[in-house]
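Here are my notes on the model you sent, set out as numbered points. They begin with one strand and its surroundings, and then move on to the sheet, the ligand and a few single residues.

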Amino acid sequence: MHPVVHEGQLNGKGFRFAIVASRWNDFISSRLVDGALDAFEGLGVAEQDIEIYKVPGAFEIPLLAQTLAASGKFAAVVCAGTIIRGQTPHFEYISGEVARGIGQAALQTGVPVVFGVITADNKDQAIGRAGVKQGNKGFEAATTAVELANLYKTVKSKK
Ligand code: INI
């Protein structure tokens, strides 16, 4: 049997994307944004088709991501932030809420909202996930966003 397999292409040309980035641990989160921009550029997304929105902390990411996804302006939304266990006794609550909220933003809007948030035990671990290319969670999230933009375009065109 050879059923049809649908997979999103890694071509970002003509799609618009939003990045929601939090400022907590900005020395790491800004590297995630750089990684996302690097991936978008490599996949052919035009600079004018990318908008970056900044929020104070990761806890603020889901609502803005959901609002942007619901706006109909973007093919996908990339979320970038850094939550470090050692910095807060609320680590589990914040991480859990952010992950749940980002997932819910996608489900409630029908627009891909991609999880590019680092949840790490310590600063070194977080830095290790904000390196170059495949070692950068922002790069990975933007690549996922492009793939999903293409996949959903295929799915919607088949209605
Ligand atoms: N926000 C983060 O993005 N990362 C963290 O590590 C963090 N810690 O450690 O507390 C953090 N807290 C702030 C939170 O996201 C909200 O901005 C704040 O609670 C206001 O709602």
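1. Strand β4, residues 113-120, is largely enclosed by the rest of the structure, because six of its eight residues are buried. This is a predicted model, and the points that follow should be read with that in mind. The pairing partner of β4 is strand β3 (residues 76-84), which joins it in the parallel sense over eight bridges; within this pairing, A80 has G116 of β4 as its bridge partner.

2. The connection between these two strands is made by helix α3, residues 91-109, and β3, α3 and β4 together form a right-handed β-α-β unit. A right-handed β-α-β unit is also made by β1, α1 and β2.

3. As for the sheet as a whole, it is open and has four strands, in the order β2-β1-β3-β4, with parallel pairing. Its edges are formed by β2 (50-55) and β4, each of which pairs on one side only. Direction ignored, neighbouring strands of this sheet are turned against each other by 15 degrees on average.

4. On the other side of the strand order, strand β1 (residues 17-22) runs parallel to β2 and is joined to it by six bridges. Two of the residue pairs may help in following this register on the display: I19 has I52 of β2 as its bridge partner, and A21 is matched in β2 by K54. When reading along any of these strands, it is worth recalling that side chains in a regular strand alternate between the two faces of the sheet.

5. Which helices lie against the sheet, and at what angles to β4? Helix α3 packs on the sheet, where it touches β3 and β4, and its direction makes about 170 degrees with that of β4. Helix α5, residues 137-157, lies across β1, β3 and β4 and runs at about 160 degrees to β4.

6. The surroundings of the ligand draw on several separate parts of the chain: W24 and N25, then G57, A58, F59 and E60, then T82, I83 and I84, and finally Q87, T88 and I94. Backbone atoms come within polar-contact range of ligand oxygen atoms in three cases that I would check by eye. A backbone N or O atom of G57 lies 3.5 Å from an oxygen atom of the ligand, a polar backbone atom of F59 is 3.1 Å from a ligand oxygen, and for I84 a backbone N or O atom is likewise placed 3.1 Å from an oxygen atom of the ligand.

7. N25, one of the residues around the ligand, deserves a look at its backbone, since most residues other than glycine have a negative phi. N25 is not a glycine, yet its phi is positive, at about 50 degrees. This residue is found in the loop between β1 and α1 (26-42), and it is buried, with a relative accessible area of 10%.

8. P89, in the loop between β3 and α3, offers an example of an exposed loop residue, because its relative accessibility is 75%, over the 50% that marks exposure. The C-alpha atoms of P89 and G103, which are 14 residues apart along the chain, are separated by 23 Å.

9. Is N136 buried or exposed? N136 lies in the loop between α4 (123-128) and α5, and it counts as buried, because its relative accessibility is 2%. A polar atom of the N136 side chain is placed 2.8 Å from the backbone oxygen of G131. Apart from its neighbours within four places in sequence, N136 is in contact with R31, L32, G35, R129, A130 and G131.

10. N150 is placed in helix α5 and, with a relative accessibility of 14%, counts as buried because this value is under the 20% cut-off. A polar atom of the N150 side chain lies 2.9 Å from the backbone oxygen of V146. Leaving aside neighbours within four places in sequence, the contacts of N150 are with G8, Q9, N11 and F15.

Definitions and conventions: Residues numbered from 1 in each chain as written. Predicted model: local features only at pLDDT ≥ 70, side-chain atom pairs only at ≥ 80, totals over all residues. Heavy atoms only, no water. Buried < 20%, exposed > 50% of the residue type's maximum accessible area, 1.4 Å probe, protein only. Pairing = 2+ DSSP bridges. Right-handed = clockwise from strand over helix to strand, strands pointing away. Axes fitted to C-alpha atoms, helices over the stretch in contact; angles between N-to-C directions. Contact = heavy atoms within 4.5 Å. Near = heavy atom within 4 Å. Polar contact = N/O pair within 3.5 Å; in protein donor to acceptor, adjacent residues only side chain to side chain.
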